[in-house]
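The following exercises concern salt bridges, burial and model confidence. Each task is followed by a worked solution.

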Amino acid sequence: MNDFQITDPVVKAYVLLLNTSDIVSRYAESYLSKLGITSSQYTVLVTLSVCPGPPTLTELSQRLFRTKNSLTTVIDNMERDGLVKRVRDGADRRAIRIVTTEKGIELFKRVRAPSKKLVYHIMSCFAPEDLNHFSALLQSLRKKTLEELAHGDGLDLITDLSTLEITSEYGKRR
C-alpha cells in the first residue's frame, strides 16, 4: 500500500525513510515492552555491552546520537530499576561512569535472542542481495549526514530562504 502521493523522488524517499523508521521503532517498542524493557533501555544495554569500558554519560550520548538530557532520564530510570549504576571514575573523581549491574546483564541476556529474532523477522522482507544493497545505501546516507553534522547543521546550504519553493504533494506552492 502506498500512502504517499509525493511525486518528487527525493522528498518521497526521505518521507518514507522517516515514516518507516517511526513504524519500525513503534513495532520494536511494542515487542520489547512485552519482554519488560523499553527500546531505549535495550539500546543502552547493547551499547554498554560493546563499549571497551564503562562510558561517561557524555560518551554514551555521543555513541547513541542522543542529547545528554534525554539520556539522563533513561539512565535515571534504569538506575532506579537496578539495571545500571553510576560509578565515580578511579582516575578522575569528577567523571561518573555508567556500569551495567548484574540485574541489567541478566535482563540483557534474557532479551537478546528474542530481540535478534525480531530484527530477523522485520528484515525478512529483503532478499540477501537486496539487504546488502539496502545496507550500503543506508551507510552512504549515514556518512553524508554525519559529515553534515560535523560541519554544522546544514542550514548554511540554504542562503536565501525566499527562493526556496515548498510545494505540497499536489504541486501547489504553499
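**Exercise 1.** Determine whether D81 is buried, partly exposed or exposed, and describe its salt bridge with R80.

Solution. Step 1: D81 has a relative accessible area of 29%, so it is partly exposed (buried means under 20% relative accessible area, exposed over 50%, partly exposed in between, with a 1.4 Å probe and protein chains only). Step 2: D81 pairs with R80, the closest N and O atoms being 3.1 Å apart; a salt bridge is a side-chain nitrogen of Lys or Arg within 4 Å of a carboxyl oxygen of Asp or Glu. Step 3: R80 counts as exposed because its relative accessibility is 59%.

The model is predicted: local features need pLDDT of at least 70, side-chain atom pairs count only at pLDDT 80 or more, and totals for chains, interfaces and linings use all residues. Residues are numbered from 1 along each chain as its sequence is written, and side-chain values use heavy atoms, with hydrogens and water left out.

**Exercise 2.** Locate the salt bridge between R97 and E59 in the chain, and state which residues form a network through shared partners.

Solution. Step 1: The closest N and O atoms of R97 and E59 are 3.0 Å apart. Step 2: This pair links distant parts of the chain, with R97 in strand β2 (residues 96-100) and E59 in helix α3, 38 residues apart; helices (H or I, at least four residues) and strands (E, at least two) are DSSP runs, numbered from the N terminus. Step 3: R97 is partly exposed because its relative accessibility is 21%, and E59, at 33%, is also partly exposed. Step 4: Of the seven salt bridges found in the whole structure, those that share partners join E59, D89 and R97 into one network.

**Exercise 3.** Describe the salt bridge between D76 and R86.

Solution. Step 1: The N to O distance in this pair is 2.7 Å. Step 2: D76 belongs to helix α4 and R86 to strand β1 (residues 84-88), ten residues apart, and the pair links distant parts of the chain. Step 3: D76 is partly exposed because its relative accessibility is 36%; the value for R86 is 30%, so R86 is partly exposed as well.

**Exercise 4.** Characterise the loop residues T56 and F65.

Solution. Step 1: T56 lies in the loop between α2 (39-50) and α3 (57-64). Step 2: T56 is buried because its relative accessibility is 15%. Step 3: Leaving aside neighbours within four places in sequence, T56 is in contact (heavy atoms within 4.5 Å) with A95, I96, R97 and I98. Step 4: F65 sits in the loop between α3 and α4 (68-80). Step 5: F65 is exposed because its relative accessible area is 53%. Step 6: Although not a glycine, F65 has a positive phi of about 55°.

**Exercise 5.** Summarise the fold and the confidence of the model.

Solution. Step 1: The protein has six helices and two strands, in the order α-α-α-α-β-β-α-α from the N terminus. Step 2: Buried residues make up 21% of the 174 residues. Step 3: The mean pLDDT is 87, and 85% of residues reach 70 or more; pLDDT is the predictor's confidence in each residue, from 0 to 100. Step 4: Over residues 157-174 pLDDT stays under 50, and the model has 14 contacts beyond four places in sequence for them.
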